[in-house]
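Grab a viewer and work through the exercises below. Try each task on your own before you read its solution.

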Amino acid sequence: MSPDSEQPAPEQPVPERPTVPRRFRLAYVPGVMPAKWVRKWEERFPDVPLELASCTVAGSAALLKDDGADAVVTRLPRALDVGDPGPHHAIELYAETTVVIVPKDHYLTLADDLTADDLADENFLVPLDDVLDWPARPGTVVEHRPETVGDAVELVAAGMGLLAVPQSLARLHHRRDLVYRPVTDAPTGRVVLLWPSPTADLTDEFVGIVRGRRAGSSRGRDQQQPKRNAKEKAAAKRANREAAGKVPGRNFGKGARRGRR
């Protein structure tokens, strides 16, 4: 080949596409404690980080629709009343007791639990992030609406009124100068897990953890066991009978014959 002949251009290496690290993003509303699910996830999937983010009930549905989270623990019915998550699945995790927060020296603290009738003469604070769906709210609603439950708790301590909330929020905003009592006939909030449809693989794994599914289970999918041949079936049957003491094992039989010599 002459020096002036054209040489083929060397092939350029194709750049590798950057891989997106696997992760699972869980959002949750105030008062929810996801720690036990996080621990289970870390045990089963140590190489897949679970990222936690707090959110409001009002913004939880939109968070799913905008791909801001892979799943969200929120409260119904308020979450779906104010937001659209798009196609989704939901499972109810538990129902929350409704309580009323009152000053520590309030006369209502003399009772272990209350009814709506017991609250008929009281003034109530209703924050903008209120999550209870009362058919008929007891008492008189104070005109001023604080931004959050936390702000409303401060106003209860200042003597401006009482506050009805799910018990988990009363615990979250606990103060020494305030106490709470259950309201037996109040509406209860429902804490649910929401996630987009169709269900992604990692989301399916998290749903399994929440539902108490054991690691390595079939998750309800059709997983056929490999078929055994006749010899394997016979061996398994004999092993089961020997374990139950119905048939002497081979070693025992040989020993018995040697003993009769």
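The exercises go from the whole chain to a strand pair, single residues and then empty space.

**Ground rules.** This is a predicted model, so local features need pLDDT of at least 70 and side-chain atom pairs count only at pLDDT 80 or more, while totals for chains, interfaces and linings use all residues. Residues are numbered from 1 along each chain as its sequence is written, and side-chain values use heavy atoms, with hydrogens and water left out.

**Exercise 1. Find how many helices and strands the chain has, and what share of its residues counts as buried.**

Step 1: Run the assignment; helices (H or I, at least four residues) and strands (E, at least two) are DSSP runs, numbered from the N terminus. You get eight helices and ten strands.
Step 2: Apply the burial cut-offs: buried is under 20% relative accessible area, exposed is over 50%, and partly exposed is in between (1.4 Å probe, protein chains only). Of the 261 residues, 35% come out buried.
Step 3: Now list the contacts, meaning heavy atoms within 4.5 Å. Among contacts with a separation of 6 or more, 68% are between residues 24 or more positions apart.

**Exercise 2. Work out how strands E1 and E2 run relative to each other, parallel or antiparallel.**

Step 1: Locate E1 at residues 24–28 and E2 at residues 50–54. Strands pair if DSSP finds at least two bridges between them; here five bridges do the joining, and the two strands are parallel.
Step 2: Check one bridge: Ala 27 is partnered by Ala 53 in E2.
Step 3: Add helix H1 (residues 35–44), and E1, H1 and E2 form a right-handed β-α-β unit. Right-handed means that, with the strands pointing away from the viewer, the path from the first strand over the helix to the second runs clockwise.

**Exercise 3. Decide which residues Val 32 and Leu 76 touch beyond four places in sequence.**

Step 1: Place Val 32 in the loop between E1 and H1. It counts as buried because its relative accessible area is 4%.
Step 2: Val 32 contacts Val 73, Tyr 94 and Val 191. The C-alpha atoms of Val 32 and Val 73 are 7.5 Å apart, with their positions 41 residues apart along the chain.
Step 3: Leu 76 sits in strand E3 (residues 71–76), and at 9% relative accessible area Leu 76 is buried too. Its contacts are Gly 189, Arg 190 and Val 192.

**Exercise 4. Describe the largest pocket and the largest cavity by volume and lining.**

Step 1: Set up a 1 Å grid over the protein atoms alone: a cavity is a set of points where a 1.4 Å probe fits but cannot get out, a pocket is an open set with protein on both sides within 12 Å along at least five of seven lines, and lining residues have an atom within 4 Å of a point. Grid points are joined across faces, edges and corners, and a volume is the space filled by probe spheres set on the points.
Step 2: The largest pocket holds about 300 Å³. Its lining has 18 residues, and those closest to the centre are Thr 56, Val 57, Ala 58, Asp 129 and Val 131.
Step 3: For cavities of 30 Å³ or more, the search gives one. The largest cavity has a volume of about 50 Å³, and its lining includes His 173, His 174 and Arg 175. Strand E9 (residues 178–182) contributes the most to that lining, with three residues.
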